[in-house]
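This report goes through a single structure by topic. Please keep the sequence and the model at hand while reading.

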Amino acid sequence: MIRRGKEDLENFLLLTEALKSPSAKNRNEALCNFGNLLSKSDKYALIPHKDELLECSYEIFKSVWGEASGLRRSGKRLGFGRGIM
């Protein structure tokens, strides 16, 4: 988020806290907004595509993130990407 402006950084921090907070009212919306914000920095040579409506589910994210995070830390996740093509 360093490459983004002050407003994006503040939004990033607010969304991060909302996703961590057990009292957050709508984590699905926060997760969707978080993804949109991060996509501003993660884009590089994108292939043009039609916009799609995607459902954001915090519960699904939470249920898979532990395993995905472990794969990321171990370097195994990167190996999966090499198998594509």
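## Second largest pocket

Three helices share the lining of the second largest pocket: helix 1 (6-20), helix 2 (27-42) and helix 3 (58-74) each supply at least two residues. Helix 2 gives the most, with five residues. The model is predicted. The pocket's volume is about 400 Å³.

The lining of this second largest pocket comprises 13 residues. Phe34, Leu38, Phe61, Trp65 and Arg72 lie nearest the centre. By class, eight lining residues are nonpolar, two are polar and three are charged.

## Largest pocket

How much space lies in the largest pocket? The value is about 540 Å³. Its lining has 14 residues. Nearest the centre of this pocket are Gly35, Asn36, Ser39, Glu52 and Leu54.

The lining of the largest pocket divides into six nonpolar, four polar and four charged residues.

## Aromatic pairs

The count of aromatic pairs comes to three. Phe12 and Phe34 form a stacked pair, because their ring centres are 5.5 Å apart and their planes meet at 25°, and stacking requires planes under 30 degrees apart. Phe12 sits in helix 1 and Phe34 in helix 2, so this pair ties together parts that are 22 residues apart in sequence. Phe12 is partly exposed, at 21% relative accessibility. Phe34 is buried, with a relative accessible area of 17%. The cut-off for buried is under 20%, so Phe34 qualifies and Phe12 does not.

Phe61 and Trp65 make another stacked pair, 5.7 Å centre to centre with 20° between the planes. Both residues lie in helix 3. They are four residues apart, about one turn of the helix. Phe61 is partly exposed, with a relative accessible area of 33%. Trp65 also counts as partly exposed, at 37% relative accessibility. Tyr58 joins Phe61 and Trp65 in one aromatic cluster. Phe61 and Trp65 are also among the residues nearest the centre of the second largest pocket.

## Nonpolar core

Which residues make up the largest nonpolar core? There are seven in all: Leu15, Leu19, Ala30, Leu31, Phe34, Leu37 and Tyr58. Helix 1 and helix 2 each supply at least two residues of this core. Helix 2 gives the most to the core, with four residues.

Several core members appear elsewhere in this report. Phe34 belongs to the core, pairs with Phe12 and lies among the residues nearest the centre of the second largest pocket. Tyr58 belongs to the core and to the aromatic cluster with Phe61 and Trp65.

## Cysteines

How many disulfides does a search of the whole structure find? The search finds zero. A disulfide is a covalent bond between the sulfur atoms of two cysteines. Why is there no bond between Cys32 and Cys56? The sulfur of Cys32 has its closest cysteine sulfur in Cys56, at 3.2 Å, which is too far for a bond. The cut-off is 2.5 Å.

From the other side, the closest cysteine sulfur to that of Cys56 is in Cys32. Cys32 is partly exposed, with a relative accessible area of 28%. Cys56 is partly exposed too, with a relative accessible area of 22%.

## The end of helix 1

Are Leu19 and Lys20 buried or exposed? Leu19 is buried, with a relative accessible area of 11%. Lys20 is exposed, with a relative accessible area of 59%. Both have a place in helix 1: Leu19 and Lys20. Leu19 is also a member of the largest nonpolar core.

Two C-alpha separations involve these residues. Leu19 and Lys50 are 31 residues apart along the chain, and their C-alpha atoms are separated by 28 Å. Lys20 and Asp51 are 31 residues apart along the chain, with 29 Å between their C-alpha atoms.

Note on methods: Residues numbered from 1 in each chain as written. Predicted model: local features only at pLDDT ≥ 70, side-chain atom pairs only at ≥ 80, totals over all residues. Heavy atoms only, no water. 1 Å grid on protein atoms, 1.4 Å probe; cavity = no way out; pocket = protein on both sides within 12 Å on 5 of 7 lines; lining within 4 Å. Points joined across faces, edges and corners; volume = space filled by probe spheres on them. Nonpolar A, V, L, I, M, F, W, Y, C, P; charged D, E, K, R; others polar. Buried < 20%, exposed > 50% of the residue type's maximum accessible area, 1.4 Å probe, protein only. Phe/Tyr/Trp six-rings, centres within 6.5 Å; stacked < 30°, edge-to-face > 60°. Core = buried A, V, L, I, M, F, W, Y, C linked by side-chain atoms within 4.5 Å.
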